[in-house]
Amino acid sequence: KQWYQRRVRGEARFFVEEIQNKRKWSEVEQMKESTEILDRHCNTSLPSAVKNADSHLQRLDSTVLELTKLCDLILPDSIEPDPEETALPGKPQPGEDTEWDTFMDGIEAEKRQIDQLFEQEIEQFKIYLERHKQS
């Protein structure tokens, strides 16, 4: 009985040590690969990305400054609206704004005509379906 226990313990230790050694080396390899990737990105990719970003940001900054200057030329520093210009007119009474009334009447007439044409098309389609069901 003791012989088996020692044998099993020995095998278990050997198994655990083997796994630890393999794992240790695989972790070392992963660390080496990670270090190489980091070095590659830090030495090549990052400097070019920073250079591109700096050039674009400088161009963007100068463009924003130019546009700000143009806006300052167009708009005065403080705009005080004229109360008469900003006052909203009251709702026109029917018959007051004849152009609007004419426009709205035309729109309503077109809407009624389109609705009638649509209804006619639906009726014709129903008739068509009934004829072809019978065939």
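Here a trainee and a mentor talk through a predicted model of a protein chain.

Trainee: Let's start with the fold: in what order do the elements of the protein chain run from the N terminus on?
Mentor: Count the elements before ordering them. The secondary structure comes to three helices and zero strands. Reading from the N terminus on, the order is α-α-α.

Trainee: What share of the 135 residues of the protein chain counts as buried?
Mentor: A residue needs under 20% relative accessible area to be called buried. The chain as a whole exposes about 13700 Å², with carbon and sulfur atoms supplying 58% of that. Out of the 135 residues, the share that counts as buried is 0%.

Trainee: OK, on to the surface charges. Is D39 buried, partly exposed or exposed?
Mentor: First place the residue: D39 sits in helix α1, which covers residues 2-74. On the surface, D39 gathers with E29, E33 and E36 in a patch of negative charge. Buried means under 20% and exposed means over 50%. D39 has 41% relative accessibility, so the label is partly exposed.

Trainee: There's a nonpolar patch too, with I74 in it. Is I74 buried, partly exposed or exposed?
Mentor: I74 lies in helix α1. Its patch partners are L67, L70, L73 and L75, and together the five have about 560 Å² of accessible area. The cut-off for exposed is over 50%. With a relative accessible area of 67%, I74 is therefore exposed.

Trainee: Now the rings. How is the aromatic pair of W100 and F103 classed?
Mentor: Searching the whole structure turns up two aromatic pairs. For W100 and F103, the centres are 5.5 Å apart and the planes make an angle of 40°. Stacked needs under 30 degrees and edge-to-face needs over 60. An angle of 40° fits neither, so this pair is tilted.

Trainee: And why are W100 and F103 about one helical turn apart?
Mentor: Both belong to helix α3, residues 98-134. W100 has a relative accessible area of 46% and is partly exposed, and F103 is partly exposed at 46% as well. The separation is about one helical turn because, along helix α3, the two are three residues apart.

Trainee: What about F125 and Y128, how is that pair classed?
Mentor: F125 and Y128 also lie in helix α3, three residues apart, about one turn of the helix. Their ring centres are 6.5 Å apart. The planes meet at 25°, so the pair is stacked.

Trainee: Last one: are F125 and Y128 buried, partly exposed or exposed?
Mentor: Partly exposed runs between the 20% and 50% limits. F125 has 48% relative accessibility, and Y128 has a relative accessible area of 47%. Both values fall in that range, so F125 and Y128 are partly exposed.

Definitions and conventions
Residues numbered from 1 in each chain as written. Predicted model: local features only at pLDDT ≥ 70, side-chain atom pairs only at ≥ 80, totals over all residues. Heavy atoms only, no water. Patch = residues over 30% accessible without salt bridge, like charges linked within 9 Å, V, L, I, M, F, W, Y side chains within 5 Å. Areas by Shrake-Rupley, 256 points an atom, 1.4 Å probe, with all protein chains shown as cover. Salt bridge = Lys/Arg side-chain N within 4 Å of Asp/Glu carboxyl O. Lys, Arg positive; Asp, Glu negative; His and termini not counted. Charge placed at Lys NZ, Arg CZ, Asp CG, Glu CD. Helix = DSSP H or I, 4+ residues; strand = E, 2+ residues; numbered from the N terminus. Buried < 20%, exposed > 50% of the residue type's maximum accessible area, 1.4 Å probe, protein only. Phe/Tyr/Trp six-rings, centres within 6.5 Å; stacked < 30°, edge-to-face > 60°.
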